[in-house]
Amino acid sequence: MNMSLTVAELSHPIALELGGNWRPQPARHGVQELDHAATFTHLGGRQLHLSERFDDPGHLHIRGAFPATDYPFRRGERDTVRVAMNEAPGGIAARIAAELIPVHRDVHERVKEHNRAQAEMRRDVEEAARDLSARLPGARTRIDGTTAFVYMDLEPGEVRIGLDGDTVSLILNDAPRIIADAVVFAVSRFLPHVQTPEEERGEYANGYTL
């Protein structure tokens, strides 16, 4: 294989060897097509990125792409295949098919499922926070992903209700006991998935974890 071939030029014969489910696409910087990079897109939506790194000339680096996520990647789930660019396209494709695609396919599905679960949790937290805020006079709401805070300024004191996924916590700063009891009851009443043991209700503390 001619060493003068660029990654963009190599991507087409490699994609042919991988089979009809993969389509080569140019990589771009703005509107300019890049010679040192390319993308393979699967009919199912997965993508692989190919590039020749400036610090490793003559070698092709292939890695799987993933959607934006906070999925906790583990060792081996984002490995890169490195091959010489003068290797035959069939050999490069064989290594991609054996070493990269199976793992990437499985991890990509886990990432998508994680993102779906996070999106559902985010919707639940937003709904719970807004519902609770609407029921507490003067409350303010701040939502950040799967975490939300509901604030109440009191005279004196402050109440802060935190919702983090399925966990609800209360922080009470200088709040009168009657307010603390009322807020604990309100949270338990308006968030049905929160369970507060009977013996804990009415007990005043600076902080509650429900």
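Two strands are said to pair when DSSP finds at least two bridges between them. With that idea in hand, strands β7 and β8 (residues 158–164) are easy to place: they run antiparallel and are joined by seven bridges. The model described here is a predicted one, and the paragraphs below start from its overall make-up before returning to this pair.

The protein chain contains three helices and 10 strands. Followed along the sequence, these elements come in the pattern α-β-β-β-β-β-α-β-β-β-β-α-β. Of the 210 residues in the chain, 35% are buried. Contacts across the sequence can also be sorted by separation: of those between residues at least 6 apart, 44% join residues at least 24 apart.

A good place to begin is the sheet that follows helix α1 in this pattern. Five strands form an open sheet in the order β1-β2-β3-β4-β5, and their pairing is antiparallel. Its edges are β1 (22–29) and β5 (80–84), each of which pairs on one side only. From one strand to the next, the twist averages 25°. At the β5 edge, strand β4 (residues 59–64) runs antiparallel to β5 and is joined to it by five bridges. Within this pair, His-59 is found opposite Ala-84 of β5. A helpful point for looking at any such strand is that, when it is regular, its side chains alternate between the two faces of the sheet.

Two helices lie across strands of this sheet. Helix α1 lies across β1, β2 (32–42), β3 (47–51) and β4, and its direction makes an angle of about 15° with β2. Helix α2 lies across β1, β3, β4 and β5, running at about 175° to β5.

The two helices also meet each other. Packed helices are described by the angle between their axes and the distance between those axes. For α1 (residues 7–18) and α2 (residues 89–135), the angle is about 60° and the axes are 8 Å apart. Angles under 35 degrees count as roughly parallel, over 145 as roughly antiparallel and 65 to 115 as roughly perpendicular, with the rest called oblique; α1 and α2 are therefore oblique to each other. The crossing of α1 past α2 is right-handed. On the α1 side, the contact is made by Pro-13, Ile-14, Glu-17 and Leu-18, which meet Pro-89, Gly-90, Ile-92, Ala-93, Ile-96, Ala-97 and Ile-101 on the α2 side. Sorted by chemical character, the residues of this contact comprise nine nonpolar, one polar and one charged.

Helix α2 has further contacts, and two of its residues show them well. Gln-118 belongs to α2. Its relative accessible area is 16%, and buried means under 20%, so Gln-118 counts as buried. Leaving out residues up to four places away in sequence, Gln-118 touches Asp-70 and Thr-146. Val-125 is also located in α2, and with a relative accessible area of 2% Val-125 is buried as well. Beyond its neighbours within four places in sequence, Val-125 is in contact with Thr-146, Thr-147, Ala-148, Leu-163 and Gly-165. For one of these partners, Leu-163, the separation is 38 residues in sequence, while the C-alpha atoms of Val-125 and Leu-163 are 6.7 Å apart in space.

Several of these partners lead back to the strands that opened this passage. Strand β6 (residues 140–144) pairs with strand β7 (residues 147–153) in the antiparallel sense over five bridges. Asp-144 has Thr-147 of β7 as its bridge partner. Between the two strands, the hairpin has two residues, and Gly-145 there takes a positive phi near 65°. On the pairing of β7 with β8, Thr-147 stands opposite Asp-164. Thr-147 thus takes part in a bridge with Asp-144 and also touches Val-125 of the helix.

Strand β9 (residues 167–173) includes Asn-173. Is Asn-173 buried or partly exposed? With 35% relative accessibility, Asn-173 counts as partly exposed. Setting aside residues up to four places away in sequence, Asn-173 touches Gly-157 and Glu-158. Asn-173 and Asp-153 lie 20 residues apart in sequence, and their C-alpha atoms are 9.8 Å apart in space.

How values were computed:
Residues numbered from 1 in each chain as written. Predicted model: local features only at pLDDT ≥ 70, side-chain atom pairs only at ≥ 80, totals over all residues. Heavy atoms only, no water. Axes fitted to C-alpha atoms, helices over the stretch in contact; angles between N-to-C directions. Helix = DSSP H or I, 4+ residues; strand = E, 2+ residues; numbered from the N terminus. Left-handed = near helix turned anticlockwise from the far one by under 90°. Contact = heavy atoms within 4.5 Å. Nonpolar A, V, L, I, M, F, W, Y, C, P; charged D, E, K, R; others polar. Buried < 20%, exposed > 50% of the residue type's maximum accessible area, 1.4 Å probe, protein only.
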